[in-house]
Amino acid sequence: MANDARKRVLIVDDASLVRLYYRTTLENAGLVVGEALNGIEALEQLLTVRYDLLVVDVNMPQMDGITFVKSLRGKSAPMASTPVLMSSSEAHAMRIAAARAAGANFYIVKPLTQEALVQYALLLCGAPHG
C-alpha cells in the first residue's frame, strides 16, 4: 500500500465503539484509517505515519484531546499543520472555545451521523467529494 494515494485519517478516541463507527464510516468513504486510544499514542504514531486528518475526542485518559492538540501544534511541520476535527458529547461554549484555542480546526458534537462525519472529513483533509 506504499503507493496508495488515498487520504489518511487517524481516529484518536478511547471508546472502541466510537472508533469502530468512525473507522467503518470513513473506510466506506474511501479513506485509509488508523487508530489511537489517546493523545500519547497519537503523537507516537505521527512520528512515523503522515495523516491528512486527525479526528480527536476531547475526553481521554493519559492525554486528553485539548492537551494533545496543544502539543501537536507545538511540533514541527508537517505534523503541526495536520487538520484536527475535535469531537465530543459536550456542547458547552467554554469547551468549544478551549478546543479552538488549542488549535482544533473544527468542533463537532456527538452523536454524529455518517453523512456529516464523511462530509467534514473529506472537506478537512482535502479529499474529492460530491
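Read along the sequence, this protein follows the pattern β-α-β-α-β-α-β-α-β-α, with five helices and five strands in it. Helices (H or I, at least four residues) and strands (E, at least two) are DSSP runs, numbered from the N terminus. The model is a predicted one, in which local features need pLDDT of at least 70 and side-chain atom pairs count only at pLDDT 80 or more, while totals for chains, interfaces and linings use all residues. Residues are numbered from 1 along each chain as its sequence is written, and side-chain values use heavy atoms, with hydrogens and water left out.

**Overall build**

- The radius of gyration, taken over C-alpha atoms, is 13 Å, close to the 14 Å that the globule rule gives for 130 residues, so the protein is as compact as a globular protein of that length. That rule is 2.2 Å times the number of residues to the power 0.38.
- Along the principal axes, the C-alpha atoms fill a box of roughly 40 × 30 × 25 Å.
- Of the 130 residues, 44% are buried, where buried means under 20% relative accessible area, exposed over 50%, and partly exposed in between (1.4 Å probe, protein chains only).
- Among contacts (heavy atoms within 4.5 Å) between residues at least 6 apart in sequence, 60% join residues at least 24 apart.
- About 6700 Å² of the protein is exposed, and carbon and sulfur atoms supply 56% of that area; the areas come from the Shrake-Rupley method with a 1.4 Å probe, and for residues only the protein chains shown count as cover.

**Helix H2 (residues 39–46)**

- Have a look at Gly-39, Ala-42, Leu-43 and Leu-46, the buried residues of H2. Seen down the helix axis, they fall within an arc of 100 degrees, so they line one face of H2; the arc is that of the directions from the helix axis to the C-beta atoms.
- These buried residues pack against strands E1 (8–12), E2 (32–36) and E3 (53–57), and also against helix H3 (65–73).
- At the N-terminal end of H2, Asn-38 acts as a cap: one of its side-chain oxygens lies 2.9 Å from the backbone nitrogen of Ile-40.

**Helix H4 (residues 93–102)**

- Ile-96, Ala-99 and Ala-102 are buried in H4. Down the axis of H4, these residues fall within an arc of 125 degrees, so they line one face of the helix.
- The cover over them includes H3, strand E4 (84–88) and strand E5 (106–109).
- Turn to the other side of H4 and you will find Ala-93, Met-94, Arg-100 and Ala-101 exposed.
- Gly-103 follows H4, and its phi is positive, near 120 degrees.

Terms used: A polar contact is a pair of N or O atoms within 3.5 Å; within protein, one must be able to donate a hydrogen and the other to accept it, and residues adjacent in sequence count only if both atoms are side-chain atoms.
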